[in-house]
Amino acid sequence: MTRDQFLSLIRTHQPDDLVARYLGAREVSAFATAAEYDGFKQRVVDAIGQDAEVCLVGSGNWGYSLNPEKGFKPFDMASDVDVAIVSADLFVQTWDQIRDYHRKSWYAIDYEQRQRLRRNGENIYSGFVSPAWIPERTSPTRFSFLRLLNRLSDESVAFRKVTALYFRNTTEVADYYRRGFILARQKAPP
């Protein structure tokens, strides 16, 4: 699909339909075959040691960035491989650690750290979190998560950077990317 076709798709299809189409896709831009994509998703599940739903999102799935500031650029060697991991357990565990840090440190941290913590709190309220947001650099959860992302950034993804978010449930994944398609539609050139 060309960039113009992708932009036309964004303009002519409802965001909910686009989310259903792409999140349920068996083939994505980052992998040549559905079998390779399935293998990657299974590696993620095996690595986190939890039963979870995993899917590629972002340009690695739909082929183009939804970010108008990036000019809706195509998935390429400079692109990240973005992964959505749906696991209520991992979501809550990560949230608990960030919340614990908040309780213990709020009055000892500077303005910028408070702002970052507030923004992450809004994200958690919206149903997604990343262990990379845990402010304590020595957190085993944070360290383990960053190691996981590093291990996933291998030859199967052409050594691209892998990023991931934990989502509370599939409803929150759909809502997050629905907003992305809505914003892209508003900014898509005619």
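This short presentation walks through the fold of one protein chain, from its overall form to a few individual residues.

Good morning, colleagues. Please keep in mind throughout that this is a predicted model.

I begin with the chain as a whole. It contains eight helices and four strands. Read from the N terminus, the elements follow the order α-α-α-β-α-β-α-α-β-α-β-α. The C-alpha trace extends about 50 × 35 × 30 Å along its principal axes. What does the radius of gyration tell us about a chain of 190 residues? A compact globule with that number of residues would have a value near 16 Å, and the chain has 17 Å, so the two agree.

Next, the interior and the surface. Of the 190 residues, 43% count as buried. Among contacts with a separation of 6 or more, 70% are made by residues 24 or more positions apart. The exposed area of the chain is about 10600 Å², and carbon and sulfur atoms contribute 49% of that area. As for charge, the chain carries 26 positive and 24 negative charges, and the mean positions of the two groups lie 5 Å apart.

I turn now to the sheet. The four strands make up an open sheet with mixed pairing, in the order β1-β2-β4-β3. Which strands stand at the edges? They are β1, residues 53–57, and β3, residues 128–129; each has a single partner strand, so one side of each has no neighbour in the sheet.

Within the sheet, β2 (residues 81–86) and β4 (residues 162–167) run parallel and are joined by six bridges. Two examples show the register: Ala84 has Leu165 of β4 as its bridge partner, and Ile85 stands opposite Tyr166 in β4. On the other side of the pairing scheme, β3 meets β4 in the antiparallel sense, over two bridges. There, Val129 stands opposite Tyr166. Tyr166 of β4 is thus named twice, facing Ile85 and facing Val129. Is β4 enclosed or open to the outside? Five of its six residues are buried, so β4 is largely enclosed by the rest of the structure.

Let me continue just past β3, with Ser130, which lies in the loop between β3 and α7, the helix of residues 140–152. Ser130 has a relative accessibility of 4% and therefore counts as buried, the limit being under 20%. With which residues is Ser130 in contact, leaving aside its neighbours within four places in sequence? They are Thr94, Ile98, Phe145, Ala164 and Leu165. Leu165 is also the residue we met as the bridge partner of Ala84.

A contrasting case is Val92, in helix α5, which covers residues 88–105. Its relative accessibility is 36%, and Val92 therefore counts as partly exposed. Val92 and Arg43 are separated by 49 residues in sequence and by 22 Å in space, taken from C-alpha to C-alpha.

Finally, I would draw your attention to two phenylalanines in loops. Phe72 is located between α4 (59–62) and β2, while Phe159 is located between α7 and β4. Phe72 has a phi near 55°, a positive value in a residue other than glycine. Phi is positive at Phe159 too, near 60°. Which of them is buried, and which exposed? Phe72 is buried, with a relative accessible area of 2%, whereas Phe159 is exposed, at 58%.

That concludes the presentation. Thank you for your attention.

Key: Residues numbered from 1 in each chain as written. Predicted model: local features only at pLDDT ≥ 70, side-chain atom pairs only at ≥ 80, totals over all residues. Heavy atoms only, no water. Rg over C-alpha atoms; globule rule 2.2 N^0.38 Å. Buried < 20%, exposed > 50% of the residue type's maximum accessible area, 1.4 Å probe, protein only. Contact = heavy atoms within 4.5 Å. Areas by Shrake-Rupley, 256 points an atom, 1.4 Å probe, with all protein chains shown as cover. Lys, Arg positive; Asp, Glu negative; His and termini not counted. Charge placed at Lys NZ, Arg CZ, Asp CG, Glu CD. Pairing = 2+ DSSP bridges.
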